[in-house]
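The following exercises ask the reader to work through a protein model step by step. Each task sentence is followed by a worked solution.

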Amino acid sequence: MHSVDNIAFVASQTPEAQEALERLKQRYPHVPPATADVIVALGGDGFMLETLHATINRRPAIYGMNRGTVGFLMNAYREDGLIERLRDASPVRLHPLRMRATTANGATVEALAINEVALLRQSRQAAKLRISVDGKVRLEEMICDGVLVCSSAGSTAYNASAHGPILPIGANVMAVTPISAFRPRRWRGAVLPDTAEVVIEVNETDKRPVSVAADFTEVRDVVRVEVKERRRISLTLLFDPEHNLEERILNEQFSP
């Protein structure tokens, strides 16, 4: 059972979110986010990701209420009965992906991604990528716009737009999905155990430069990217029981 004794409210900069923030602060006792057990995030999915990243060192439970557009990671916005909703909420624990990128000048950048790590071509030239899993080359060369590695929570985001598989929460898997692959045409990606380490190497880096983005961290001119789930970090999202994240992901698989 998660504690709801110390609640904080945070909001995106949109007028709708800021108005909701003021109303909730007037109605419910609250503390600063740095001392909260539960943070109520008001905004859309992008703001939820920002909140998770901002609190990753403390890792309080995060309960989102949708004041954005899609709101896949958010609960419905209602001002009444918030304390009861928080007490009854179902927790979902997520583990981020750790990206380690090496650039053409030898620099190394590490970052965490809750949704995905995505490599994309930087120029008009298609990228040439080599993909290895746990030290074994699985795809010697892929000519493409890019490739992404996503968590189960991120499988409904960019991954779904790239026609990757939607992964159930708790399935202990991640997906590797090509982005506009030219060769091999028939490769549609892979589903891997969440213990796997994926290494993507960039061929012809001078002619075909590639960037990588781990959620909000972007690195340009990369030559090698390593991706592995960071299981030691556990993030907690709270959802209303009648519309939890597992149910939403299942519904996504049957959406027309």
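The structure shown is a predicted model.

**Exercise 1. Determine how S1 and S2 pair, and find the residue of S2 that stands opposite Val 10.**

Solution. Step one concerns direction: S1 and S2 pair in the parallel sense, and the pairing extends over five bridges. Step two concerns the partner: Val 10 stands opposite Ala 41 in S2. Step three follows the chain between the two strands: S1, helix H1 (residues 15–27) and S2 make a β-α-β unit, and this unit is left-handed.

**Exercise 2. Determine how S2 pairs with S3, and state the hand of the crossover between them.**

Solution. Begin with the pairing: S2 and S3 are joined in the parallel sense over six bridges. Within this pairing, Ala 41 stands opposite Gly 64 in S3. Now trace the chain from S2 through H2 to S3; this β-α-β crossover is right-handed.

**Exercise 3. Sort the residues of S2 by the way they point, and explain why S2 is described as largely enclosed.**

Solution. First, sort the residues: Val 38, Val 40 and Leu 42 point one way from S2, whereas Ile 39, Ala 41 and Gly 43 point the other way. Next, consider exposure: all of these residues are buried, where buried means under 20% relative accessible area. Finally, draw the conclusion: six of the six residues of S2 are buried, so S2 is largely enclosed by the rest of the structure.

**Exercise 4. Identify the buried residues of helix H2 and the strands against which they pack.**

Solution. H2 spans residues 45–54, and its buried residues are Phe 47, Met 48, Leu 49, Thr 51 and Leu 52. These buried residues pack against four elements, listed here with their limits:

- strand S1 (7–11);
- strand S2 (38–43);
- strand S3 (61–66);
- strand S17 (235–239).

**Exercise 5. Two aspartates, Asp 134 and Asp 215, have a positive phi; locate each one and decide whether it is buried or exposed.**

Solution. Take Asp 134 first. Its phi is near 50°, a positive value in a residue other than glycine. Asp 134 is found in the loop between strand S8 (127–133) and strand S9 (136–144). The relative accessible area of Asp 134 is 52%, and exposed means over 50%, so Asp 134 is exposed.

Turn now to Asp 215. Its phi is near 55°, again a positive value in a residue other than glycine. Asp 215 lies in the loop between strand S14 (210–214) and strand S15 (217–219). With a relative accessible area of 17%, Asp 215 falls under the 20% limit and is therefore buried.

**Exercise 6. Locate Thr 156, classify its accessibility and name the residues it touches.**

Solution. Thr 156 is found in the loop between strand S10 (146–150) and helix H4 (158–161). At 17% relative accessibility, Thr 156 counts as buried. Leaving aside residues up to four places away in sequence, Thr 156 touches Phe 72, Ile 166, Ile 249 and Glu 252.

**Exercise 7. Describe the largest pocket by its volume and its lining.**

Solution. The volume of the largest pocket is about 190 Å³. Its lining consists of 15 residues, and those nearest the centre are Arg 93, His 95, Ser 152, Gly 170 and Glu 229. Sorted by class, the lining has six nonpolar, five polar and four charged residues.

**Exercise 8. Find the peptide bond that joins Arg 183 and Pro 184, and state its geometry.**

Solution. The bond is cis, with omega about -10°. Pro 184 is found in the loop between strand S11 (173–179) and strand S12 (190–193).

Conventions:
Residues are numbered from 1 along each chain as its sequence is written. This is a predicted model: local features need pLDDT of at least 70, side-chain atom pairs count only at pLDDT 80 or more; totals for chains, interfaces and linings use all residues. Side-chain values use heavy atoms; hydrogens and water are left out. Buried means under 20% relative accessible area, exposed over 50%, partly exposed in between (1.4 Å probe, protein chains only). Contact means heavy atoms within 4.5 Å. On a 1 Å grid over the protein atoms alone, a cavity is a set of points where a 1.4 Å probe fits but cannot get out, and a pocket is an open set with protein on both sides within 12 Å along at least five of seven lines; lining residues have an atom within 4 Å of a point. Grid points are joined across faces, edges and corners, and a volume is the space filled by probe spheres set on the points. Ala, Val, Leu, Ile, Met, Phe, Trp, Tyr, Cys and Pro count as nonpolar, Asp, Glu, Lys and Arg as charged, and the others, Gly among them, as polar. Two strands pair if DSSP finds at least two bridges between them. A crossover is right-handed if, with the strands pointing away from the viewer, the path from the first strand over the helix to the second runs clockwise.
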